[in-house]
Every structure is written in C-alpha cells, then in structure tokens.
Amino acid sequence: MAPAITTLAADAPELSAANTGFMLICSALVMLMTPALAFFYGGMVRVKSTLNMLMMSFISLGIVTILWVLFGFSLAFGTDIGSIIGWSSDYVGLSGIGVTELWDGYTIPVYVFAAFQLMFAILTPALISGALADRVKFTAWALFITLWVTVVYFPVAHWVWGAGGWLFEMGVIDFAGGTAVHINAGAAALGVILVIGKRVGFKKDPMRPHSLPLVMLGAGLLWFGWFGFNAGSWLGNDDGVGAVMFVNTQVATAAAMLAWLAYEKIRHGAFTTLGAASGAVAGLVAITPSGGAVSPLGAIAIGVIAGLLCAMAVGLKYKFGYDDSLDVIGVHLVGGVLGSLLVGLFATGGVQSDVKGLFYGGGLEQLGKQAIGVFAVLAYSLIASAILALVIDKTMGMRVSEDDEVSGIDQVEHAETAYDFSGAGGGASSRSTAAPAPAVTENKKVDA
Amino acid sequence: MKLITAVVKPHRLDEIKEALQAFGVHGLTVTEASGYGRQRGHTEVYRGAEYTVDLVPKIRIEVLVEDEDAEQLIDVVVKAARTGKIGDGKVWSVPVETAVRVRTGERGPDAL
C-alpha cells in the first residue's frame with residue numbers, strides 16, 4: 001500500500017477524475033478475481049464437488065460485502081487504536097462519509113478506496129477454500145468466513161495498510177497484499193486443515209482435476225484481474241509507480257510460469273497446463289508485495305524463484321500427509337513468503353521508496369523487517385484460524401458426513417449437478433410447482 | 001440372428017461404419033466405452049502427483065445380423081478396425097433370440 005503522496009504535502013490534494021476513474025476500474029478488475037478463482041479451483045476438483053468449490057468463493061462476494069459496509073471498513077481503515085485495529089463511527093455503514101471526501105493524502109474519494117479494499121477482503125477468504133475442497137459444510141464455511149474476516153482479515157489489513165498499523169509504521173513493504181492477502185490466506189488454510197483433516201481417500205484415490213480448461217480460464221482471468229490488484233494498489237497514477245508495478249506484474253508472472261514448466265519438464269517429463277496455470281499464479285502472488293520496489297530484472301528473478309520453489313512446495317503435502325487439496329499453502333503461502341522476503345533482497349531504492357534491499361547495498365535491515373511482517377501474519381492467522389475452525393467443528397461441525405463426501409457434496413449441499421451429460425436428462429423428472437404442466441402439443445409433426 | 005459386438009479404437013469408427021454400409025448393414029449402435037486389455041494405460045501428472053490411468057477410451061459397436069451373414073460381417077469389422085498395433089480391440093458374436101422393430105411390430109429377421 002502506498003504512503004501518501006508527499007510531493008503534494010504542502011497543498012491539500014484535490015479530487016482527481018483520472019485517478020478516481022482508474023481506481024473504479026481497478027476495483028472492478030479485483031472483483032473479477034473472485035469468480036476467476038472460483039473457476040481456477042472449480043476445474044481442479046472432481047466433477048462431484050465442482051459447484052461447491054465455485055460457491056465457496058462466490059459466497060464471499062455476498063457475505064464480506066455486507067460485513068465490510070457494516071463494520072469491516074471501520075475495523076481495517078478507521079482511526080488507529082493501539083496499532084492493532086481501527087475504528088471510526090463515520091465508517092460504520094459507510095454512512096458518515098461525504099461524497100467528495102478524499103481518502104487521507106490521496107486524490108480519490110473515500111468511497112473509491114473503500115470499494116477497492118472491499119474486493120481484497122472478498123478475495124482473501126475465498127483463497128482459503130481451495131485447501132478445503134470436497135468436505136466442508138456450506139453453512140460452516142459461511143460462518144467461518146464471517147468470523148475469519150472479522151477476527152483475522154480486518155485486523156491484519158489494518159496492521160499492514162492502515163495508518164498507525166504496527167507493520168505499516170515499522171516500514172514493512174507490502175505493495176498489494178503479500179502478507180495481508182496471500183500469507184494470511186495460506187496460513188489460515190493450514191490452520192483449518194490441521195483441524196478438519198484430509199479428504200476421504202487422500203493419497204489413495206485418484207483425484208484428478210475434472211476440467212483443466214476451466215483452470216486455465218480461471219488462471220487467465222486471475223492474471224487479468226491482478227493488474228487491478230497490483231497496479232491499483234498505489235491508488236493513483238501521479239508518479240509512475242503504478243505503471244512499474246503493472247510491468248513487473250506481467251514480467252514476474254511470465255518468468256514464474258516458464259520456471260514451473262521447466263521444472264516439471266525435467267522432473268516429470270511433460271509441460272502441463274496445470275503447471276502453466278499454477279506457475280502463473282505463483283508469480284502473481286510473489287510479485288504482489290514486491291513489484292513496486294524492484295526493477296523488471298528483479299521481477300524476473302522473483303518470478304523464477306517463486307515458480308521453482310512453489311513447484312517443489314506443492315509436493316510437500318504428500319510427504320507430510322496434510323491435505324492442502326488445491327495447494328493454497330504450496331502456492332499462496334510459499335509464494336507470499338517468498339515475495340515478501342525477496343523485497344529485502346531486490347528493492348532498488350528507486351521506485352516506490354528509497355529503501356534498498358541487500359543486493360542493492362541496503363544491508364539486512366529491510367529483510368529483517370520483512371521477516372517480522374511475514375512471521376507475525378503467518379503466526380497470527382495460523383493460530384486464530386485453527387481456533388475458529390475448532391470452535392465451529394465442536395459446535396456445528398465443519399465437515400459433511402463421510403457418505404455425503406464420497407457420493408458428492410454438490411448434491412448434498414446445493415441440490416444440483418454441475419454437468420448433465422446424459423441425453424435422457426439423467427433420469428430427472430419434474431415434480432415442482434415451478435415446472436409448467438406438460439403442454440398439449442397440437443399440430444405435432446408425425447414422424448413416419 | 002446374431003449380435004455382433006466390437007470394442008475397438010475410437011478413431012476407427014468411420015472406417016468401420018463405411019465398411020458396414022458397403023456390406024449392406026442398415027443400422028448399428030455405437031456407445032463410448034472404456035476398458036483395458038493387453039494395451040497398458042498411461043501415466044498422467046498433476047502438480048507432480050502421478051496417476052496411472054488404466055482405462056483407455058474405446059467405442060463399442062453393436063450390430064444385429066442374420067446367422068448366415070455373421071462370420072462374413074465379423075471379418076469386415078475386424079479388417080476395418082485393424083491398425084496392427086496393440087489395443088486394436090475385440091469382436092465377438094452371440095446368438096439372439098428375437099428382435100422387434102418398435103414402430104411396426106415386425107419380429108425376427110424382418111425387424112433387421
């Protein structure tokens with residue numbers, strides 16, 4: 001997140017129509033990332049739980065939006081209380097905000113900032129869902145999202161991006177959400193799966209992705225939306241930093257995709273589409289915290305490192321026996337940690353701030369700060385998420401029954417089937433009042 | 001009557017269809033099938049997790065014929081299906097008691 005534009009410090013900033021328009025578009029781009037993620041994840045599960053996977057992301061668009069309006073924006077970006085949380089009664093219900101009131105130090109309205117940040121708050125819990133595929137009760141998930149954004153996301157967003165937040169004040173660089181979004185979601189995923197356990201048949205049954213084209217579609221849309229996520233996080237275009245971020249986003253993603261594919265080809269003998277999609281997402285994650293501080297060559301290095309290490313990290317779940325179903329930990333936690341730490345090595349001191357990383361003569365100071373940010377968010381999110389999951393599991397239960405999981409969560413939780421491949425309609429017959437009575441067809445063509 | 005069943009490689013369908021038409025067969029049923037015989041499956045890899053996929057896609061063609069045509073028709077199918085490589089499939093026949101054309105009610109060889 002950008003510090004206030006200091007060049008205008010003497011004069012109060014005025015509303016910029018260009019920046020406001022740009023940020024509204026960026027907000028819409030980030031909104032698209034949640035359905036994109038739904039497709040990315042949805043294609044990776046088996047046919048029988050496709051709809052549940054889509055809905056776990058989609059429901060976040062509903063729940064988090066309402067919470068954000070009611071109190072989330074106030075908790076994350078209200079006036080600082082003790083460096084750990086915010087609160088401003090004007091932000092409750094977004095009702096005390098003037099239409100032309102500007103976000104402090106910037107040229108965009110508070111409403112625009114609130115809308116942009118809302119999209120981040122929606123995406124982050126949706127990211128967690130990939131680790132929980134096939135097995136979580138939908139009501140339990142809805143409750144988890146509600147509690148998680150309240151107890152974990154809103155405070156952590158305040159730490160990292162809120163004026164007065166302790167990591168923000170310490171000087172941790174997190175341009176667009178390496179800690180607050182990706183480490184946060186990845187650590188939460190680990191916390192929850194340690195409580196709820198593995199899918200039935202994990203490591204025994206084949207669990208092939210049912211639709212890789214859907215995964216590619218999702219990855220492509222994520223890549224597209226990520227330009228809004230990253231370039232928009234500077235909240236304006238007055239000094240070119242957002243443009244550097246835009247370029248670095250593209251560069252690191254390309255590098256990570258190639259690195260993942262190269263690793264796969266050498267290790268497993270094929271260039272897979274899932275590898276291309278996963279590599280791209282790993283690159284996007286890693287450049288998220290770092291892209292505003294590094295050069296395009298630095299972005300290539302970050303992309304290659306993230307692509308390789310995430311490709312290796314996704315295998316760890318088989319070694320250690322935890323069921324991170326769609327590799328939220330392997331891609332988002334590992335990628336987020338890498339990106340956040342690599343700032344401490346590759347920051348040039350010439351883009352978003354004059355902070356230099358180790359490779360540019362800046363010593364270890366920034367790397368140390370980054371490590372504190374990484375550890376703080378990881379530890380808090382891991383522990384708090386595990387506790388939330390445990391509380392829900394002990395009260396209403398987190399998981400569907402084993403029978404329901406095996407026969408398919410879609411029909412149990414959503415009363416639908418993702419794909420109807422059968423010419424005979426799968427034996428479905430209508431018995432509801434919604435279906436019209438069969439029409440008496442007159443003049444029916446008689447087939448000789 | 002006999003029911004000739006062929007489980008063969010999907011890409012041979014067009015050749016088999018043409019050969020059967022040339023032979024004078026008026027109708028057939030095709031279903032997508034999967035299975036394995038001596039042809040081994042293949043290995044797929046997803047984010048480093050390797051899966052052995054045993055079942056290979058096949059098509060299953062079914063044709064009803066009169067007894068005297070059966071042997072010759074089997075030869076026609078086998079010839080059209082053959083690539084000479086492992087996994088070409090199998091063709092077999094079984095006797096059929098009766099057959100009815102649903103539209104007209106014709107029975108036996110008349111229904112073919």
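Reader: Let's start with A:Leu235: is A:Leu235 buried or exposed?

Author: One way to tell is to count neighbours: a residue is called buried if 20 or more other C-beta atoms lie within 10 Å of its own. A:Leu235 has 24 C-beta neighbours inside 10 Å, so A:Leu235 counts as buried. Keep in mind that this is a predicted model.

Reader: Where along chain A does A:Leu235 lie?

Author: Look in the loop between helix H7 (212-231) and H8 of chain A. Check the backbone there too: phi of A:Leu235 is near 65°, a positive value in a residue other than glycine.

Reader: What about A:Asp327: which sign does its phi have?

Author: Positive, at about 65°, although A:Asp327 is not a glycine. You'll find A:Asp327 in the loop between helix H11 (316-320) and helix H12 (328-346) of chain A. With 27 other C-beta atoms within 10 Å, A:Asp327 is buried.

Reader: Back to H8 of chain A. How do I read the span of a helix?

Author: Go from the first C-alpha to the last, then set that beside what you'd expect at 1.5 Å a residue. Helix H8 covers residues 241-268, which is 28 residues, and reaches 39 Å, close to the expected 40 Å.

Reader: Which residue follows H8(A)?

Author: That's A:Gly269, and its phi is positive, near 85°.

Reader: Now the whole of chain A. How many helices and strands are there?

Author: Chain A has 15 helices and two strands.

Reader: And how do I judge the overall shape of chain A?

Author: Try the radius of gyration. A compact globule of 448 residues would have one near 22 Å, and chain A has 23 Å, which agrees. For the outline, picture a box of roughly 85 × 55 × 50 Å along the principal axes, filled by the C-alpha atoms of chain A. Buried residues make up 53% of the 448 residues. You can also ask how far apart in sequence the contacts reach: of those between residues at least 6 apart, 76% join residues at least 24 apart.

Reader: What does UniProt list for B:Tyr51?

Author: An unreviewed UniProt entry lists B:Tyr51 as "modified residue: O-UMP-tyrosine". In the model, B:Tyr51 lies in strand S4 (residues 49-53) of chain B.

Reader: Which residues does B:Tyr51 touch?

Author: Leaving out residues up to four places away in sequence, B:Tyr51 touches A:Pro206 and A:Arg208 in chain A, plus B:Thr43 and B:Glu44 in chain B. With 14 C-beta neighbours inside 10 Å, B:Tyr51 counts as partly exposed.

Technical notes: Residues are numbered from 1 along each chain as its sequence is written. Chains are lettered from A and ligands numbered from 1 in the order in which they are written. This is a predicted model: local features need pLDDT of at least 70, side-chain atom pairs count only at pLDDT 80 or more; totals for chains, interfaces and linings use all residues. Helices (H or I, at least four residues) and strands (E, at least two) are DSSP runs, numbered from the N terminus. The expected span of a helix is 1.5 Å times one less than its number of residues. The radius of gyration is taken over C-alpha atoms; the globule rule is 2.2 Å times the number of residues to the power 0.38. A residue is buried if 20 or more other C-beta atoms lie within 10 Å of its own, exposed if 12 or fewer, and partly exposed in between; C-beta atoms are placed from the backbone. Two residues are in contact if their C-beta atoms, placed from the backbone, lie within 7 Å. UniProt positions are given in the numbering used here, feature names are shortened, and annotations may be inferred rather than shown by experiment.
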